[in-house]
Amino acid sequence: LDAIMHGCVPVIISEDFEPPLHWWLSWRDMAVFLPTSSIPDLVGILSTEVANGMWKRRHELLLIGARAATKVLDWRRIDFWALYFYEVTEKMKLSRTFAAEASVQQYAARAVARNRTTAMETRGVL
């Protein structure tokens, strides 16, 4: 975020990075996302970004417009905190949903195992 707040186009090298407020900001348009395997070609990739003018378009998205990243990600603004807490709340709900589903699956697996054991005991197998 510091790079953005200083007007720099971020270069994110990761396979699984989920940027903040990804549902609100068009990160794919304003940042360069690369897999770690592209590190050896980094200079060439960034040179191409500059040569074809993509950096200028990305830079404008960072600075200009209602959804400019420098405005949205400014922690001194009240709307930043509203968006931030909304995102945290949604992630917590999602996390709770996954935890509940996992718990149900574990309970079902234990019940199936208990039923098999009971059936085998009834038949005299165990």
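Is Ala69 buried or exposed, and what is its relative accessible area? In this predicted model, Ala69 is buried, because its relative accessible area is 0%, a value that falls under the 20% limit used for buried residues. The residue is found in helix 5, and, when residues up to four places away in sequence are set aside, it touches Ile4, Leu25, Met30, Leu61 and Leu62. A further spatial relation concerns His59, which is 10 residues from Ala69 in sequence and lies at a C-alpha to C-alpha distance of 9.8 Å.

Ala69 also belongs to the largest nonpolar core, which has 14 residues. Within this core, the members that touch the most other members are Ile4, Leu25, Trp27, Met30, Ala69 and Leu73. Two or more residues of the core are supplied by each of helix 2 (27-30), helix 5 (69-72) and helix 6 (78-123). Three of the residues contacted by Ala69, namely Ile4, Leu25 and Met30, are thus named again among the core members that touch the most others.

Helix 6 also carries residues in other settings. Glu87 lies in this helix and counts as buried, because its relative accessibility is 7%. Beyond residues up to four places away in sequence, the contacts of Glu87 are with Pro19, Pro20, Leu21, His22 and Trp23. Trp81, likewise placed in helix 6, counts as partly exposed, because its relative accessibility is 33%. Together with Trp75, Tyr84 and Phe85, Trp81 forms a nonpolar patch on the surface, and the accessible area of these four residues together is about 460 Å².

Charged side chains were examined next. Side chains of opposite charge can pair when their charged atoms come close. The count of salt bridges in the model comes to five, and three of them, described below, involve the pairs Glu49 with Arg58, Lys56 with Glu60, and Lys93 with Glu90.

In the pair formed by Glu49 and Arg58, the closest N and O atoms are 2.8 Å apart. Glu49 counts as buried, because its relative accessibility is 13%, and Arg58 also counts as buried, because the corresponding value is 8%. This salt bridge therefore joins two side chains that both belong to buried residues.

The salt bridge between Lys56 and Glu60 has an N to O distance of 3.8 Å. Both residues lie in helix 4 (residues 54-63), where they are four residues apart, or about one turn of the helix. Lys56 counts as partly exposed, because its relative accessibility is 48%, and Glu60 is placed in that class as well, with a relative accessibility of 37%.

In helix 6, the side chains of Lys93 and Glu90 meet in a salt bridge with an N to O distance of 3.3 Å. Because they are three residues apart in the helix, Lys93 and Glu90 are separated by about one helical turn. Lys93 is partly exposed, with a relative accessible area of 42%, and Glu90 counts as partly exposed at 32% relative accessibility. Both partners of this helix 6 pair are therefore partly exposed, whereas Glu87, in helix 6 too, counts as buried.

Definitions and conventions
Residues numbered from 1 in each chain as written. Predicted model: local features only at pLDDT ≥ 70, side-chain atom pairs only at ≥ 80, totals over all residues. Heavy atoms only, no water. Core = buried A, V, L, I, M, F, W, Y, C linked by side-chain atoms within 4.5 Å. Buried < 20%, exposed > 50% of the residue type's maximum accessible area, 1.4 Å probe, protein only. Patch = residues over 30% accessible without salt bridge, like charges linked within 9 Å, V, L, I, M, F, W, Y side chains within 5 Å. Areas by Shrake-Rupley, 256 points an atom, 1.4 Å probe, with all protein chains shown as cover. Contact = heavy atoms within 4.5 Å.
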